[in-house]
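Reader: Could you take me through one part of this chain at close range? I would love a connected account that starts from a single element and then places it in the wider chain.

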Amino acid sequence: MIRLTTLISRNTQCRSRRLCAILATLLFAGCAFGQSETKASPSQAIAARRADIATQRESVVAAIAAANGHNVPPSLSEQADLLAQIDAVLAQQEIEAERATDLTRQLADRKAALEKLRLSGPEEERPYSFLLLDRLRDDQQKSNDALATLTTSVHTAEANVARASQNHEEKERVRRQAKEALAANKDDTKAASLAAAERRAALESQLAAEQHELRKLEFKNQQSAKQVEELAQQFVDEKIASIASEVHFARRDLMARQVEIDATIDDLKRALAADEMNVAYLERQWLDARQRADQATTPKVSIGDEVKAWRAARAAAQNEVSLLTKRLEHMARMKQTWQRRYVVASETVASEQRTTWIKEAQDALDAIDGETKLQTSRLADLQNDLTAAAAPLAIREQLAPELRRALDTQQASLQQAIATYQAYLSSLQNQRKLERKLLEELQDGSTSLGERAARVWDAMMRVWRFEIASVDDRPITVSKIVLGLLLLFLGIRISRWLSGVLGRRILPHVGVHSASSIAFERVFFYLLILLFTLLALNLVSVPLTVFTVLGGAIAIGVGFGAQNIINNFISGWILLAERQVNIGDLVQVEGSLGHVQSIGARCTHVRRPDGIDLLIPNSFMLENTVVNWTLTDAHIRTTVRVGVAYGSPTEKVIELMRATALEHDKVLRHPEPIVIFEDFGDNALVFDVYFWVHTSKEMELRIVRSDVRTTIDQLFRAAGIVIAFPQRDLHIDPETPLEVRMLPEPESRTAKPDDGERCPVEALRHAWLFKSLNAGELEQLAHAARRRECAAGDEVVKQDEPGASLFVVNQGLLRVTVRKNGSTRRVGQIVPGQFFGEMCLMTGECRTATVTAAIDSVVYEIDNKMIAPLLQERPDIVRKLSQVLAARRAEMDATHAKHATASAQEPRAVDLRRRIYAFLHISDKRKS
């Protein structure tokens with residue numbers, strides 16, 4: 001074989017080496033096929049198995065015949081059935097084996113044809129016909145559909161192989177168990193039944209094995225069929241690719257198609273004429289039957305059935321005429337479609353004409369799809385009618401001759417109508433393919449960029465001019481709706497901007513209140529919205545009469561369903577007009593306190609101090625009690641209640657509480673604070689101090705009350721006034737006397753009471769300036785301090801005066817004021833336990849503020865002469881004091897300048913230490 005191929009391929013006398021290669025390939029395939037035939041084919045092996053099964057069946061049948069119908073063992077019948085099933089499966093295997101041989105031949109033919117196409121190209125002459133390309137594309141579509149079906153079949157066959165394999169394994173397991181049971185049997189009485197069971201299990205296993213083999217053959221054949229179809233598809237694809245660039249739609253091809261269509265039209269016209277004559281004949285027969293039925297003296301069932309049969313036959317013939325008429329219309333459309341395909345293939349189609357043809361093709365496809373569904377449904381009805389008409393003919397010998405003839409005619413008419421419907425549906429499918437091809441050619445045609453842009457522009461304009469509805473003979477198009485919405489959107493933006501300019505810039509400059517400005521802004525905004533809405537409706541030519549019915553429906557809806565919304569809307573306008581609640585006011589609604597942020601069309605926005613927003617309906621603001629803390633002004637009166645122990649000096653309590661309120665910088669002087677001895681409580685004497693605060697913030701009011709309470713606590717503690725707390729008397733009535741022992745009091749309690757003339761050591765110990773001193777040094781300094789009693793209004797120190805002493809407040813309340821640029825400003829207060837003048841004591845600086853007694857007060861003064869001996873003995877204290885003062889001064893500078901740093905404190909501490917040494921006339925023993 002190899003030598004023969006070599007000789008043929010080397011033959012230089014051949015006209016073409018291509019032809020030599022083709023002949024070699026074909027010869028090789030033939031030889032291979034012949035070699036395969038010489039081997040034992042699968043069909044022969046299957047035939048041998050069938051012969052063996054036939055022999056087994058003959059022996060079983062002979063055993064059953066020998067029993068002569070008496071006491072035939074059931075196992076023999078089962079074996080006969082199983083052998084028959086095995087033989088049937090083997091017969092199917094033979095069919096599949098023959099199919100496999102045929103598929104092998106087809107596969108070889110497909111490969112040879114494909115190789116020939118690749119070597120020598122298409123057999124047709126150039127230029128290739130457009131009809132050839134059209135036919136190849138149809139074949140390509142059929143191949144694609146067939147390949148999709150075969151792919152599904154391959155998957156199904158593969159699943160069948162898996163199920164057959166599982167079934168075979170199960171049957172084999174049963175066979176092995178039966179065989180083992182027979183081998184292990186010792187009872188002769190059970191041997192026959194066990195042997196029969198083992199034989200049945202063996203046959204069932206063999207049947208399962210043959211079924212498994214059949215499924216494998218089917219799977220292989222499906223795979224081979226898929227390969228054949230893939231090669232066919234590849235052949236068509238490559239052939240289309242080979243001829244596509246050289247296809248020419250000749251005039252003669254168009255004429256050939258038109259001649260075919262004209263011939264079909266002539267046939268349809270002749271069939272239509274014949275059917276019309278048939279309809280006339282059936283009409284006469286039906287009328288004749290009706291006349292005979294009307295003239296009959298006694299009603300007969302056969303005459304009524306005859307009338308129904310003629311009527312059904314006439315209806316079927318009429319449907320056939322209708323279908324033939326429609327087919328003639330479709331054939332005319334097909335003729336036009338072929339003409340357009342010719343124009344698209346051979347000429348340049350204008351953009352507008354192309355767009356029109358595309359739309360008509362799409363409409364034709366939609367119409368064909370709808371017609372196909374309708375006629376398919378009618379075809380199913382005709383088939384049901386044919387089945388029903390055939391039922392009476394089963395007893396045709398018993399029917400009257402006239403009825404029999406009518407039923408035969410009805411059945412023939414129905415059969416002819418069904419054939420016409422089927423031909424019509426086939427014609428619809430052909431026309432659908434033709435319209436689809438035209439549409440694809442129109443959409444994929446080579447056009448210039450300008451034509452494509454024009455096509456897109458035409459499509460957009462069709463959408464732009466699409467009519468959605470009409471009112472009063474005026475079209476409402478997409479363009480009008482888009483322009484109207486655009487105008488309305490711009491109108492809303494312009495209205496919001498113009499109303500904002502009016503309400504926020506113009507009206508406040510002419511003296512209009514802020515709440516009134518908001519009201520005017522809202523009214524102006526809604527008027528502008530209404531104006532732009534009317535302009536938008538006028539632009540799109542929508543008359544206002546359109547909203548006549550809609551307006552009535554809206555009015556009814558507003559009257560019933562939207563009354564709460566309208567109520568809130570009108571309430572919002574009333575709130576803005578009355579100005580009882582303004583934006584920024586501090587209001588209290590049902591226990592919730594907050595500031596009004598805005599008054600909208602539906603609700604009022606109130607923001608609580610904790611950051612929670614409340615949306616309160618406007619109608620609720622009008623119909624319920626609303627506390628407006630800042631309606632007329634921002635002056636708010638508040639109170640602080642204090643309970644003191646019984647026995648406390650009430651006049652002193654009133655004085656301290658009133659002075660505390662007066663000295664707070666947030667508390668108004670007019671009206672003056674008032675202290676009321678409110679009640680003799682269960683555990684305390686109750687006092688209330690009422691004072692006014694200028695604020696619009698609820699948290700700031702709380703801070704003021706907290707400051708007042710803190711100062712009252714400090715003043716009461718310094719004055720020895722005890723703030724009461726709940727107390728209870730405990731009565732003990734024991735059965736035995738209580739043991740009472742006297743314990744020595746602590747040293748602090750046994751010490752002699754303070755005579756009121758010396759400075760309390762505790763006041764010095766708590767001062768940060770003297771934290772470096774020990775107990776003895778504090779005691780020494782306290783003995784040296786001078787007591788000063790200041791009446792209310794007395795100046796303790798005066799601003800800009802030289803000073804050399806420090807003051808510790810023991811009782812009362814001091815006011816601190818600073819004079820600058822000709823005005824005096826209160827900057828703070830000093831309560832018992834605090835001190836002032838530390839810089840003057842240590843460095844001799846002038847007083848930086850004026851300190852005045854707000855009430856009768858007691859202070860202790862410590863000058864530089866008192867502290868100088870102490871510092872002379874303890875030079876390390878000077879270093880610590882200088883560092884404390886430097887840190888204190890840095891904190892003050894940071895408060896004002898925001899740039900003091902820790903690196904600047906050390907030089908300042910050294911400077912302060914030198915100034916302290918110089919001012920107090922003491923020497924620096926450590927030379928620092």
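Author: Happy to help: here is a close look at one helix, followed by the neighbouring strands and then the chain around them. Please keep in mind throughout that this is a predicted model.

Let us start with helix H21, which covers residues 775–784. Which of its residues are buried? They are Glu-777, Leu-778, Leu-781 and Ala-782. These four lie on the same side of H21, because the arc they cover around the axis is only 135 degrees. If you now turn to the face directed away from that buried side, you will find Ala-775 and His-783, both exposed. Buried here means under 20% relative accessible area, and exposed means over 50%.

Moving on along the numbering, the next stop is a loop. Strand E14 (795–797) and strand E15 (805–811) are joined by a loop that holds Asp-800. This residue is worth a click in the viewer: Asp-800 is not a glycine, yet its phi is positive, near 75 degrees.

A hairpin comes next. Strand E16, residues 814–820, pairs with strand E17, residues 823–830, in the antiparallel sense, and seven bridges link them. Where E16 ends, Lys-820 stands opposite Ser-823 of E17. Two residues separate the strands of this hairpin, and Asn-821 in the turn has a positive phi of about 55 degrees.

Elsewhere in the chain, two peptide bonds deserve a look as well. The bond from Arg-126 to Pro-127 is cis, its omega being near -10 degrees. Pro-127 sits in the loop that runs between helix H4 (74–120) and strand E1 (128–129). The bond from His-670 to Pro-671 is cis too, with omega near -5 degrees. Here the proline belongs to the loop between helix H17 (650–663) and strand E11 (674–680).

Finally, let us step back to the chain as a whole. How many helices and strands does the chain have? There are 25 helices and 20 strands. Of its 928 residues, 35% are buried, and the four from H21 that we began with, Glu-777, Leu-778, Leu-781 and Ala-782, are among the buried ones. The chain exposes about 54800 Å², with 54% of that area supplied by carbon and sulfur atoms. As for contacts between residues at least 6 apart in sequence, 74% join residues at least 24 apart.

Notes
Residues are numbered from 1 along each chain as its sequence is written. This is a predicted model: local features need pLDDT of at least 70, side-chain atom pairs count only at pLDDT 80 or more; totals for chains, interfaces and linings use all residues. Side-chain values use heavy atoms; hydrogens and water are left out. Two strands pair if DSSP finds at least two bridges between them. Buried means under 20% relative accessible area, exposed over 50%, partly exposed in between (1.4 Å probe, protein chains only). Contact means heavy atoms within 4.5 Å. Accessible areas come from the Shrake-Rupley method with a 1.4 Å probe; for residues, only the protein chains shown count as cover. The arc is that of the directions from the helix axis to the C-beta atoms.
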